Amino acid sequence: MGGEEKMIPYGHQSISEDDKQAVLGVLSSLFLTQGPEISSFEGNVAGYCGARRAVATNSATSALHIACLSLEVGKGDIVWTSPITFVASANCALYCQAEIDFVDICPSTFNMSTEALEQKLILAEREGRLPKVVIAVHMAGQSCDMSKIGALALRYGFKVIEDASHALGARYLGEPIGNCRFSDITVFSFHPVKIITTGEGGMAVTNNHDLADRMILRRSHGITRDPLTTRGKPDGPWYYEQVELGFNYRMTDIQAALGNSQMKRLDSFVTRRNELAKGYEDRLTTAGITAQCRHLDCYSSYHLYILRVNPQVSKVNRRQLFDHFRRHNVFANVHYIPVYWQPFYRSLGFEPGLCPEAECYYEQAITIPLFPSLSEADHAKVIELVNSAVEGSSTR
Ligand SMILES: *Cc1c(COP(=O)(O)O)cnc(C)c1O
């Protein structure tokens with residue numbers, strides 16, 4: 001067994017000397033928060049994505065919350081998302097006192113199935129229970145079928161938030177994720193396992209100035225100093241007003257400086273992730289083990305590399321493959337447990353069986369290591385371990 005072997009995680013940040021210098025620079029500057037790095041980071045990401053506006057936050061979770069609020073999600077409203085996502089994609093609706101529901105996934109792309117979405121919309125229209133917002137999650141970095149979701153949004157009158165926490169640097173129909181061509185708002189995460197990092201951090205981008213202004217207000221206590229938004233008459237230059245119930249969801253300049261520095265390497269990160277993914281795709285050809293289907297409309301950022309182990313065909317099941325990795329110090333992971341299986345969601349009345357494809361996916365999915373600094377040797381080791389798990393039943 002590999003007690004001596006170094007541990008290989010499923011994902012890892014990549015911090016350069018330049019990144020460190022950028023952070024140190026802020027530490028000796030005038031502003032640690034709400035200084036020039038924030039607006040430059042916002043401009044950088046908006047420019048990269050081709051969106052008009054960007055609102056940096058202390059996490060993607062916060063960005064999802066203020067995105068929902070800006071779309072006036074509240075009590076009595078319904079929000080739909082995919083069950084195969086991090087819990088934050090659904091929690092944001094509950095923060096706003098809205099109801100959440102889940103649309104089953106497509107078994108090959110692992111994204112929300114647009115057929116399932118359309119079927120559910122037809123039923124919901126009959127029952128007068130259409131969603132106000134649908135949150136589309138770009139699973140592992142591959143875009144959802146946004147043109148279809150956008151068409152359904154027009155037909156059924158809902159708003160669209162893209163949870164692109166996995167998908168900074170990805171493209172759809174040749175254009176960057178985040179241009180909001182088929183959505184109202186797109187949200188990114190800069191948690192260390194994501195494509196670029198700010199430690200903790202997130203951002204919402206949009207082409208709608210009104211939505212951006214509302215998100216900015218909610219990001220910082222609902223407070224404004226803008227004479228155009230204040231209701232009373234300023235009695236001095238210190239004057240401010242709280243006009244909404246907001247939060248402190250601000251990102252620091254320390255984080256934004258790291259983000260600005262990381263943005264310079266975004267394309268190289270995504271290119272490297274694609275090369276490693278291609279290596280897996282070409283060399284993992286074992287029966288019963290399939291990768292996320294690549295859609296021709298998409299260029300994935302490959303935040304995650306997910307395999308499905310079909311126990312009817314494969315010689316090992318997902319658990320056996322996972323344990324085989326562990327024995328060799330490879331820390332595979334599973335993304336995700338269906339959100340509505342969580343005890344909290346069960347307490348809201350959700351029951352297993354709601355999304356059969358998502359539940360079947362969960363039984364079979366395993367995330368294998370993929371990150372820009374994964375060495376060729378470790379990459380080869382992961383491939384070798386998949387193949388040996390399937391060949392050598394002695395490893396069970
Ligand atoms: C990571 C993640 C989030 C939350 O991001 P934070 O920045 O940690 O709040 C939300 N949605 C998805 C799909 C994620 O992967």
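**Notebook: cavities, pockets and two helix pairs**

I noted first that the second largest cavity has a volume of about 50 Å³. The model I am working from is a predicted one. I then listed what lines this second largest cavity: H12, Q13, S14, P192, K194, I195, I196, T197, Q262, F269, R273 and P372. Sorted by class, that lining holds five nonpolar, five polar and two charged residues.

How many cavities of 30 Å³ or more does the structure hold? I found two. For the largest cavity I read a volume of about 80 Å³. Its lining is made up of M146, E162, Y172, E175, P176, I177, G178, N179, R181, F182 and S183. I sorted the lining of the largest cavity into five nonpolar, three polar and three charged residues.

**Pockets**

I turned to the open sites next. The largest pocket comes out at about 530 Å³. I counted 18 residues in its lining, and those closest to the centre are Q34, I216, R219, S220 and I223. Which elements give two or more residues to this lining? They are helix 2 (36-49), helix 7 (209-219) and strand 10 (223-224). Helix 7 gives the most to the largest pocket, namely four residues. By class, I recorded six nonpolar, six polar and six charged residues in the lining of the largest pocket.

The second largest pocket encloses about 350 Å³ of space. I found 23 residues lining it, with F86, S189, H191, K194 and Y336 the closest to its centre. K194 I had already written down for the lining of the second largest cavity. Helix 3 (60-70) and helix 4 (88-95) each supply at least two residues to the lining of the second largest pocket. Helix 3 gives the most there, with three residues. I divided the lining of the second largest pocket into nine nonpolar, 11 polar and three charged residues.

**Helix 5 and helix 6**

I looked up two helix pairs. Two packed helices are described by the angle between their axes and the distance between the axes. For helix 5 (residues 114-127) and helix 6 (residues 146-156), I read a crossing of roughly 10°, with the axes coming within 11 Å. Angles under 35 degrees count as roughly parallel, so helix 5 is roughly parallel to helix 6. On the helix 5 side the contact is made by T114, L117, E118, L121, I122 and E125, and on the helix 6 side by K148, I149, L152, R155 and Y156. By class I have six nonpolar, one polar and four charged residues in the contact of helix 5 with helix 6. M146, where helix 6 begins, is also one of the residues I listed for the largest cavity.

**Helix 10 and helix 13**

How do helix 10 (residues 318-327) and helix 13 (residues 376-391) pack? I read an angle of about 130°, with their axes 10 Å apart. Helix 10 and helix 13 are therefore oblique to each other. The crossing of helix 10 past helix 13 is right-handed. I listed L321, H324 and F325 of helix 10 in the contact, together with V382, L385, V386, S388 and A389 of helix 13. Six of the residues in the contact of helix 10 with helix 13 are nonpolar, two are polar and none is charged.

Note on methods:
Residues numbered from 1 in each chain as written. Predicted model: local features only at pLDDT ≥ 70, side-chain atom pairs only at ≥ 80, totals over all residues. Heavy atoms only, no water. 1 Å grid on protein atoms, 1.4 Å probe; cavity = no way out; pocket = protein on both sides within 12 Å on 5 of 7 lines; lining within 4 Å. Points joined across faces, edges and corners; volume = space filled by probe spheres on them. Nonpolar A, V, L, I, M, F, W, Y, C, P; charged D, E, K, R; others polar. Axes fitted to C-alpha atoms, helices over the stretch in contact; angles between N-to-C directions. Parallel < 35°, antiparallel > 145°, perpendicular 65-115°, else oblique. Left-handed = near helix turned anticlockwise from the far one by under 90°. Contact = heavy atoms within 4.5 Å.
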